[in-house]
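Reader: I would like to learn how to read a few features of a structure, beginning with a helix and then turning to loops and empty spaces. Could you take me through them one at a time?

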Amino acid sequence: MSQSTRDTRPALPTPFRMLGKTGNRGGKMSDGDQRRATIQDHAAFLEGRHDFQVDIERLATSDLVGTILETVMFATNSRFAAVARVTEDRWVACRTVDEVNFGMSEGDEIEIGSTFCRSVRETSEPVLFNDVAIDETYRNHPIATGFGIVSYASIPIRRADGSFFGTLCAIDTEPRDIKHPRAVAMLEMFARIIGQGLETEERLVAQERLVAQEREMARIQEEFIAVLGHDLRNPVAALDAGLRQLDKEPQSEKARRVLPLMRASLRRASDLIDNIMLHAKARLGGGIRTFATPDAPLAQALAEVVEEIRVAAPEHRIDLALSFDHPLCCDAPRIAQAVSNLLSNALRHGTPGHPIEVRGAIRDGEAVITVANHGKPIPEDLREKLFEPYQRGVETRGEGLGLGLYIAASIAAAHGGRIELRCEDGITSFALHLPILPPPG
């Protein structure tokens with residue numbers, strides 16, 4: 001057919017648009033008018049209020065689907081290709097490439113009864129014809145006549161689970177060799193690819209939604225833990241004040257035995273609260289924050305921590321030797337908290353009757369603080385996980401949440417340092433390495 005013949009054909013956008021926009025011109029609406037009044041179009045999609053908004057967006061933004069439609073048009077010599085969402089009572093264009101000027105865009109809808117796709121959905125069989133004028137099955141078919149369709153292909157698209165999604169269409173107003181076996185095989189292959197892509201995309205969206213929900217739940221849990229830790233500080237502080245007051249009072253022999261045990265339990269509770277609070281703040285705020293000060297009183301902070309633990313656990317011997325002959329720029333309270341966690345770990349896992357050694361010195365341009373205890377070596381498979389949150393030793397005696405070593409390592413990392421673990425000759429040592437930081441500018 002010549003170009004001049006094609007130019008004299010009636011314009012084709014009208015039938016499509018009229019089906020979507022016919023309304024009541026007065027009087028009671030017929031059933032057909034009521035159905036047409038609910039039909040949506042491209043404007044509804046652009047405004048984000050289309051009933052099939054998610055399906056349309058998924059296909060309209062897919063580079064893969066765009067390439068498939070272009071390939072379909074090239075291979076079949078058709079000038080219109082589309083992917084449509086087809087349900088029992090709806091036909092909606094999700095992606096189109098239109099060189100015929102049908103006037104169909106993403107979101108445009110036509111009545112399902114005026115499409116061949118209803119038959120495709122009901123029978124699961126494609127509809128194919130090269131030239132409607134001579135086709136034995138579709139010659140003089142009202143749908144083809146109404147839209148000026150001459151050649152047509154509609155292939156079912158199914159998700160990976162077998163459920164029906166819609167159709168892949170190739171249409172022209174002139175005869176095309178659409179029923180050629182290679183063309184049909186290509187169309188069916190592309191329909192399968194689109195269906196599999198939909199399944200993959202839907203699973204990804206569902207997974208992302210699940211991850212978002214889990215993150216929100218984790219955030220709520222962290223906030224709850226932070227509030228809990230904060231609220232627990234007041235009763236612990238009250239108990240500590242009460243114990244200090246009792247120390248000033250005359251005590252019976254039984255009180256002298258009980259009070260140190262109470263102080264030890266109170267100190268463990270205080271350590272747990274500090275670790276919970278710091279962990280929650282780190283999670284909510286994106287990491288542990290440190291505030292380094294020049295010439296920080298690190299030796300004094302470490303000595304105070306050791307003395308507190310000696311008082312709370314008098315049955316354990318703790319030897320302290322510090323020789324920092326260089327001014328240190330660090331967050332001394334945070335480093336002291338890290339060492340306190342290392343000491344608590346040594347108390348729980350060290351062999352009773354053997355001293356715990358705390359050493360601090362400047363070596364090779366670093367401040368190195370070592371906490372060492374006698375005891376069984378830590379198994380190799382546990383060493384790799386030891387500094388992760390909520391990890392506990394194989395012989396933990398019930399105390400702790402498994403946050404102590406994780407917090408200590410996080411504090412070291414916040415200073416640009418690290419913790420090294422060694423198990424040699426029956427001695428387990430944790431060495432906290434801190435770089436010598438320049439004073440803050």
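Author: Let us begin with a cut-off, since the helix needs it: a residue is called buried when its relative accessible area is under 20%, and exposed when that area is over 50%. Please keep in mind throughout that this is a predicted model.

Reader: With that cut-off in hand, which residues of H6 are buried, and how do they fall when seen down the axis of the helix?

Author: The general idea is that an α-helix has 3.6 residues a turn, so residues three or four places apart point the same way. In this structure, helix H6 covers residues 63–76, and its buried residues are Val-65, Gly-66, Ile-68, Leu-69, Val-72, Met-73 and Thr-76. Because these buried residues fall within an arc of 160 degrees when viewed down the axis of H6, they line one face of the helix. The face turned away from that buried side carries the exposed residues Asp-63 and Phe-74. As for length, the 14 residues of H6 reach 20 Å from the first C-alpha to the last, which is close to the 20 Å expected at 1.5 Å a residue.

Reader: Turning to the loops, what is the sign of phi at Asn-140, and is this residue buried or exposed?

Author: Phi of Asn-140 is near 60 degrees, a positive value in a residue other than glycine. Asn-140 sits in the loop between strand E4 (127–129) and helix H8 (142–147), and its relative accessibility of 66% is why it counts as exposed. Asp-425, also not a glycine, has a positive phi of about 50 degrees; this residue lies in the loop between strand E10 (418–424) and strand E11 (427–435), and it counts as exposed because its relative accessibility is 78%.

Reader: How should I read empty space, and where does the second largest pocket lie?

Author: Rolling a probe the size of a water molecule over the atoms shows where empty space is left. The second largest pocket holds about 690 Å³ of space, and of its 28 lining residues the closest to its centre are Arg-267, Ser-270, Asp-271, Asp-274 and Glu-308. Since domain 2 (214–284) and domain 3 (293–435) both give residues to the lining, this pocket lies between them. By class, its lining has 13 nonpolar, 5 polar and 10 charged residues.

Reader: Which classes of residue line the second largest cavity?

Author: That cavity, with about 70 Å³ of space, has a lining of 8 nonpolar residues, 1 polar and no charged, including Leu-328, Cys-329, Cys-330 and His-415.

How values were computed. Residues are numbered from 1 along each chain as its sequence is written. This is a predicted model: local features need pLDDT of at least 70, side-chain atom pairs count only at pLDDT 80 or more; totals for chains, interfaces and linings use all residues. Side-chain values use heavy atoms; hydrogens and water are left out. Helices (H or I, at least four residues) and strands (E, at least two) are DSSP runs, numbered from the N terminus. Buried means under 20% relative accessible area, exposed over 50%, partly exposed in between (1.4 Å probe, protein chains only). On a 1 Å grid over the protein atoms alone, a cavity is a set of points where a 1.4 Å probe fits but cannot get out, and a pocket is an open set with protein on both sides within 12 Å along at least five of seven lines; lining residues have an atom within 4 Å of a point. Grid points are joined across faces, edges and corners, and a volume is the space filled by probe spheres set on the points. Ala, Val, Leu, Ile, Met, Phe, Trp, Tyr, Cys and Pro count as nonpolar, Asp, Glu, Lys and Arg as charged, and the others, Gly among them, as polar. Domain bounds come from an automatic or database domain assignment. The expected span of a helix is 1.5 Å times one less than its number of residues. The arc is that of the directions from the helix axis to the C-beta atoms.
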